[in-house]
Amino acid sequence: MTKLLLQEPSRGWKGAPLTKLNAHLADLLSSIHRIGGVTSSFVFDNNGSRLGANVDESANVWQWTFRGDASREFGSGLGQMLAAFRVRGVRLRDMQLTFPEAGLFVRDMGNAFVVVMCRPEADWSLIRMTVNVAAAAFEADGELQKSLAAVAAWPSPVEPE
Amino acid sequence: MTSAPSEVIFKLSDNYVAENVQLDPDSFRVLSFVNGLNTVEEISESLGEDPVNVWQILGALHQRGIVEILGAVDVVPNVAPSGPPPAVGEAFFARITQELTRGIGPLAAFFVEDELAAMSAKRDGLPRERAAELVERLSLSIQDDAKRVQFQQAALEELRRLY
């Protein structure tokens, strides 16, 4: 069973922008979880703040180390990695990391990025294409991208009110 | 014995010697179905009882020497037939080619054959597990991002139909 976590109201996210963000998050994360082998997925803004997640509650302990604060750590790290390439004029569209116990797929979505965790034997072609399709609407929404850019510019992660 | 307990068959013991056999009502009811033919599961169904309860009663009767285990029914496992993995059908190729044509034009069919050759695969007998790989390779031939997404979206629907 998976647990969908969406953005809560905060100083940065409220009203119509929050509603729009959560609608996109629900759509994106639910689409990704239709892929066999996917265990969890997260969306972060470019500041590394977690916007939403879909977590497999039955996943093993290793997976659970990415819950809560731990997911902010790797979100921040991955965000910095993407930013480092961006600063050098290279737009890293996606990257794929394979570990003995799991696979990690990271896809840039403009002012946010999605991280998909899966079993090592998952179908990577299916993951890449599904994320590409699911992310298209997220990337193309100009208003959402503006809101994301505005919130990510805040000096520290935005905490729920 | 490797069978599930519910497949075991009991019979009345040939060696039981007793002048008076005292049984409680539940044990009597279970014993009345022990005939060397009925499995524990069948006895449970006939009595409308939980197989675990029936097994406990039979276990106690067995300990007293009243019944003995005859054997077990061979359970035929539900094993998928061995053979080559499921292959992708012609309908899949037809749809993929049609969608690819929207992205790159009338040369789509040639691209499909080219990519199959690059994958060292054949149209006839392409394993289902390699279908997504083929679709992804084809999608990379579409330069326009929006058209590529459209192709992938249509292809993903076809891929879901394979399972």
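These exercises work through a predicted model with chains A and B.

**Exercise 1. The make-up of chain A**

Task: State how many helices and strands chain A has, and give their order along the sequence.

Solution:
- Step 1. Count the elements: chain A contains 5 helices and 6 strands.
- Step 2. Put them in sequence order, which gives the pattern β-α-β-β-α-α-β-β-β-α-α.
- Step 3. Add the burial: 47% of the 161 residues in chain A count as buried.
- Step 4. Add the surface: chain A has an accessible surface of about 7,500 Å², and 56% of this belongs to carbon and sulfur atoms.
- Step 5. Add the contacts: for residues of chain A at least 6 apart in sequence, 61% of the contacts join residues at least 24 apart.

**Exercise 2. The make-up of chain B**

Task: Do the same for chain B, giving its helices and strands and their order.

Solution:
- Step 1. Chain B contains 7 helices and 2 strands.
- Step 2. Along the sequence they follow the pattern β-α-α-α-β-α-α-α-α.
- Step 3. Chain B has 163 residues, and 34% of them count as buried.
- Step 4. About 10,200 Å² of chain B is exposed, with 53% supplied by carbon and sulfur atoms.
- Step 5. Of the contacts in chain B with a separation of 6 or more, 68% come from residues 24 or more positions apart.

**Exercise 3. Two helices within chain A**

Task: Describe how helix H1 (residues 15–32) of chain A packs with H4(A).

Solution:
- Step 1. Choose the quantities. Two packed helices are described by the angle between their axes and by the distance between those axes.
- Step 2. Read off both: the angle between H1(A) and H4(A) is about 170°, and the axes are 9 Å apart.
- Step 3. Classify the angle. An angle over 145 degrees counts as roughly antiparallel, and H1(A) and H4(A) are therefore roughly antiparallel to each other.
- Step 4. List the residues that meet. H1(A) contributes A:Leu21, A:His24, A:Leu25, A:Leu28, A:Ser31 and A:Ile32, while H4(A) contributes A:Thr130, A:Val131, A:Ala134, A:Ala135, A:Ala137 and A:Phe138.
- Step 5. Sort the residues of this contact by type: 9 are nonpolar, 3 are polar and none is charged.

**Exercise 4. Two helices from separate chains**

Task: Describe the crossing of helix H4 (residues 124–140) of chain A and helix H6 (residues 131–139) of chain B.

Solution:
- Step 1. Take the angle and distance: the axes of H4(A) and H6(B) cross at roughly 45° and come within 8 Å.
- Step 2. Classify the angle: this makes H4(A) oblique to H6(B).
- Step 3. Give the hand: H4(A) and H6(B) make a left-handed crossing.
- Step 4. List the contact residues: A:Ser125, A:Leu126, A:Arg128 and A:Met129 of H4(A) meet B:Ala132, B:Glu133, B:Val135 and B:Glu136 of H6(B).
- Step 5. Sort them: the contact of H4(A) with H6(B) has 4 nonpolar, 1 polar and 3 charged residues.

**Exercise 5. Burial of a helix**

Task: Explain why H6(B) counts as largely enclosed, and say what covers its buried residues.

Solution:
- Step 1. Find the buried residues of H6(B): B:Ala131, B:Ala132, B:Leu134, B:Val135, B:Glu136, B:Leu138 and B:Ser139.
- Step 2. Draw the conclusion: because 7 of the 9 residues of H6(B) are buried, H6(B) is largely enclosed by the rest of the structure.
- Step 3. Find the cover. For the buried residues of H6(B), it includes H4 of chain A, along with helix H4 (90–104), helix H5 (108–118) and helix H7 (145–161) of chain B.

**Exercise 6. Three single residues of chain A**

Task: Is each residue buried or exposed: A:Asn54, A:Val106 and A:Asn22?

Solution:
- Step 1. Recall the cut-off: buried means under 20% relative accessible area.
- Step 2. A:Asn54 sits in strand S3 (residues 50–56). Its relative accessibility is 4%, so A:Asn54 counts as buried. Among the residues that A:Asn54 touches, beyond four places in sequence, are A:Thr2, A:Leu29, A:His33 and A:Thr39.
- Step 3. A:Val106 belongs to strand S5 (residues 103–108). With a relative accessible area of 1%, A:Val106 is buried. Its contacts beyond four places in sequence include A:Leu78, A:Leu82, A:Met95 and A:Phe113. A:Val106 and A:Val116 are 10 residues apart in sequence, and their C-alpha atoms are 6.4 Å apart.
- Step 4. A:Asn22 is part of helix H1 of chain A. At 15% relative accessibility, A:Asn22 also counts as buried. Leaving out residues up to four places away in sequence, A:Asn22 touches A:Leu6 and A:Gln7.

Notes: Residues numbered from 1 in each chain as written. Chains lettered and ligands numbered in written order. Predicted model: local features only at pLDDT ≥ 70, side-chain atom pairs only at ≥ 80, totals over all residues. Heavy atoms only, no water. Helix = DSSP H or I, 4+ residues; strand = E, 2+ residues; numbered from the N terminus. Buried < 20%, exposed > 50% of the residue type's maximum accessible area, 1.4 Å probe, protein only. Contact = heavy atoms within 4.5 Å. Areas by Shrake-Rupley, 256 points an atom, 1.4 Å probe, with all protein chains shown as cover. Axes fitted to C-alpha atoms, helices over the stretch in contact; angles between N-to-C directions. Parallel < 35°, antiparallel > 145°, perpendicular 65-115°, else oblique. Left-handed = near helix turned anticlockwise from the far one by under 90°. Nonpolar A, V, L, I, M, F, W, Y, C, P; charged D, E, K, R; others polar.
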